[in-house]
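Morning, everyone. I have one structure to show today, and I will keep it brisk. Here it is.

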Amino acid sequence: MKVDVLLGLQWGDEGKGKVVDVLTPNYDMVTRFQGGPNAGHTLEFEGQKYVLRSIPSGIFQGGKINVIGNGVVLDPALFKQEVEALEASGHNLTERLFISKKAHLILPTHRLLDAAYESAKGSSKIGTTGKGIGPTYTDKISRNGLRVGDILCGFEKKYKAAIERHKEILSHYNMQYDLEAIEKDWFAGVEKLKQFQFIDSEFVVNDYLSNGKSVLAEGAQGTMLDIDFGSYPFVTSSNTICAGACTGLGVAPRNIGEVYGIFKAYCTRVGSGPFPTELNDEFGDRLRNLGHEFGSVTGRPRRCGWVDLVALKYAVMINGVSQLIMMKSDVLDDFDTIKACVAYKVNGEETDEFPFDITEGVEPIYKELPGWKTNMTKMKSESEFPEKFNDYLDFLEDYLEVPIKIVSVGPDRQQTIIRYVNQ
Ligand code: GDP
Ligand code: IMO
Ligand code: MG
C-alpha cells in the first residue's frame, strides 16, 4: 500500500480537518507530518465542533490509529490542553494516538523567541501564530533541538543547556517574561505526554504499508505557506508540500499514492504577506462574514479574496495533485458574479506562471462567471448541482487539469459530496 496525502493548496484553513475526518473510514492510520500547534483544524459532526492543533483529524473515527510524525513540532503544554479538552468530551486517546520519538519539542523559550523576533521586525513582521514554530524548526535545522525521545534519556541536562542558550539570545531583546510560570505549564504537559507511547514512527508507518494497511497523511498550513515554495518570507517554517510527507514520516517518494489537494472556492490568508486577489471591499467583508473567516484558534479575522488559479495551478504542480477537493462552495451561493484570477500582470507583462516575488506589482486578471444563486447546503449528490455550478467546476477542472472529486457545501461531516462515484 501507499500513503495518500491530503494537503492545503492555498494559505491554510482550506478545511483539511473536515475532509480528513470524512476520509478516515477508508484508512487504517492517519498521521500528521509537519507543522505544530500553529494549525487549527475544525471538525463538525453530531452538533459538536472540535478544533485540533497537533492531534491528527482521524481521531474521532473510532478504532483508527493516529500518529504524530517526526516532522511535527510539539508543545507539551498545548498538547495537554488539547488532550484534556477531548477527554472532557469523552474521548480517550491513549490507545490510538502515538507520537514519534523524533518529533521536535517546542520549548517554553521558543515561544518567547517567536515573540521577540516578531516584535523586532516591526512593520515587516510575519504575523506568526506566536507558537514558537519558527524558532523550534530553526533549532532543529541548526542541530540544537530537543526531541520527544529525549524526554526518556538525559532530558534535564539537554533542556537546561537549550534554555540557557535561549536566555542569552533573549537578553539582546527588550523582553519581559516570567519563565517559571511558563515552565510550570510546560512540565505538566511533559507529564501528560508521557502517558502516550513514543514510537519509532518510520518503522510503524512502513510496517503498515508492507502489511497492506492504508495510511492517510494530513498536511497542515498550505502550499503558499511552504518554506521553499510559498510567498517567502511570509511563510511558515516547514515543508507543507507533498514532499514534506516523505521527510516528515520517513516514507519513500515511490510510496506516495493519491495526493488530495484541497482549496476553498475563494481564498483566504491570515497574517501578513502578499495576497494578489485580496478584496479590501464589501465583497471581502461578505466572504468573511458568510464564510465565518476568523481564525479557528486565535479568532484573528482572515483576509479574503477571489480564488487565485495562478497560485493554485502552481500548487497542483509542486504537489503532483491527483484529486482536487473544493471547500466552502456554499459561501458563494448568493453571489451574482464570481471571479477567478486566471493570470497575473507583472510589470506590464501577462503571465500564468507564479512569479518569484509576488510582494509588489502583481495585478490579477480575472475571468467572471455567473453565480448559481442556489442554496447548496442541503444537497446530497452531484445530480442536484445547479447548471451554473457545474459550469464553474468544469471551468476550474479545465484550467487546473485535475478532477474535482469532492465538493464541500457546509462545515458538517454530512455536507460533503463525492463526485464521479462510478469512475
Ligand atoms: P483547516 O485548518 O484547513 O482544517 O481549516 P479550518 O478549520 O482552520 O477552517 C475551515 C473553516 O471552514 C472551519 O470553520 C470549518 O468548520 C469550515 N468549513 C469547512 N468546510 C466548509 C464548507 O464547505 N462550508 C462552510 N460554510 N464552512 C466550511
Ligand atoms: P492550518 O493548518 C493559516 C500562518 C501564520 C503566519 C505564517 C507563519 O490551520 O491551515 P507560524 O506561526 O507558522 O510561524 O506563522 O503562517 N499560518 C497559518 N495560516 N492556517 C494555518 O494552519 C497556519 N499556520 C501558520 O498566520 O502568517
Ligand atoms: Mg486552520
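I will go through the two ligand sites, then the cysteines.

One caution before the details: this is a predicted model.

Start with ligand 2. Where does ligand 2 sit? The space taken by ligand 2 is the largest pocket. Its shell holds 21 residues. Asp-13, Lys-16, His-41, Thr-129 and Thr-236 are the closest of them. By class, that shell splits into 10 polar residues, eight nonpolar and three charged.

Now the polar contacts of ligand 2. Look at Thr-236 here. An N or O atom in the Thr-236 side chain is 2.6 Å from an oxygen atom of ligand 2. Asp-13 works through its backbone: one of its backbone N or O atoms lies 2.7 Å from a ligand 2 oxygen. Then there is Val-270. A polar backbone atom of Val-270 is 3.2 Å from an oxygen atom of ligand 2. How much of ligand 2 does the protein cover? On its own, ligand 2 has 550 Å² of accessible area, and the protein covers 98% of that.

Next, ligand 1. Ligand 1 takes up the space of the second largest pocket. There are 20 residues around ligand 1. Coming nearest are Gly-15, Lys-16, Thr-42, Asp-330 and Ser-408. Keep an eye on Lys-16. Lys-16 is listed among the closest residues to ligand 2, and Lys-16 is also among the nearest to ligand 1.

What does Lys-16 offer ligand 1? A polar backbone atom of Lys-16 is 2.7 Å from an oxygen atom of ligand 1. Gly-17 also uses its backbone. A backbone N or O atom of Gly-17 lies 2.9 Å from a ligand 1 oxygen. Asp-330 brings its side chain instead. A polar atom there lies 2.7 Å from a nitrogen atom of ligand 1. As for coverage, ligand 1 exposes 580 Å² when taken alone, and the protein buries 94% of that.

Last topic, the cysteines. How many disulfides does a search of the whole structure find? Zero. Take Cys-267, which is in no disulfide. Its nearest cysteine sulfur belongs to Cys-304, at 9.0 Å. A disulfide needs the two sulfurs within 2.5 Å. Cys-267 is also buried, with a relative accessible area of 2%.

Cys-341 is in no disulfide either. For Cys-341, the nearest cysteine sulfur is that of Cys-267, 9.9 Å away. Buried or exposed? Cys-341 is buried, with a relative accessible area of 0%.

That is my tour. Questions are welcome.

Methods
Residues numbered from 1 in each chain as written. Chains lettered and ligands numbered in written order. Predicted model: local features only at pLDDT ≥ 70, side-chain atom pairs only at ≥ 80, totals over all residues. Heavy atoms only, no water. Near = heavy atom within 4 Å. Polar contact = N/O pair within 3.5 Å; in protein donor to acceptor, adjacent residues only side chain to side chain. Areas by Shrake-Rupley, 256 points an atom, 1.4 Å probe, with all protein chains shown as cover. 1 Å grid on protein atoms, 1.4 Å probe; cavity = no way out; pocket = protein on both sides within 12 Å on 5 of 7 lines; lining within 4 Å. Sits in = over half its atoms within 2 Å of the grid points. Nonpolar A, V, L, I, M, F, W, Y, C, P; charged D, E, K, R; others polar. Buried < 20%, exposed > 50% of the residue type's maximum accessible area, 1.4 Å probe, protein only.
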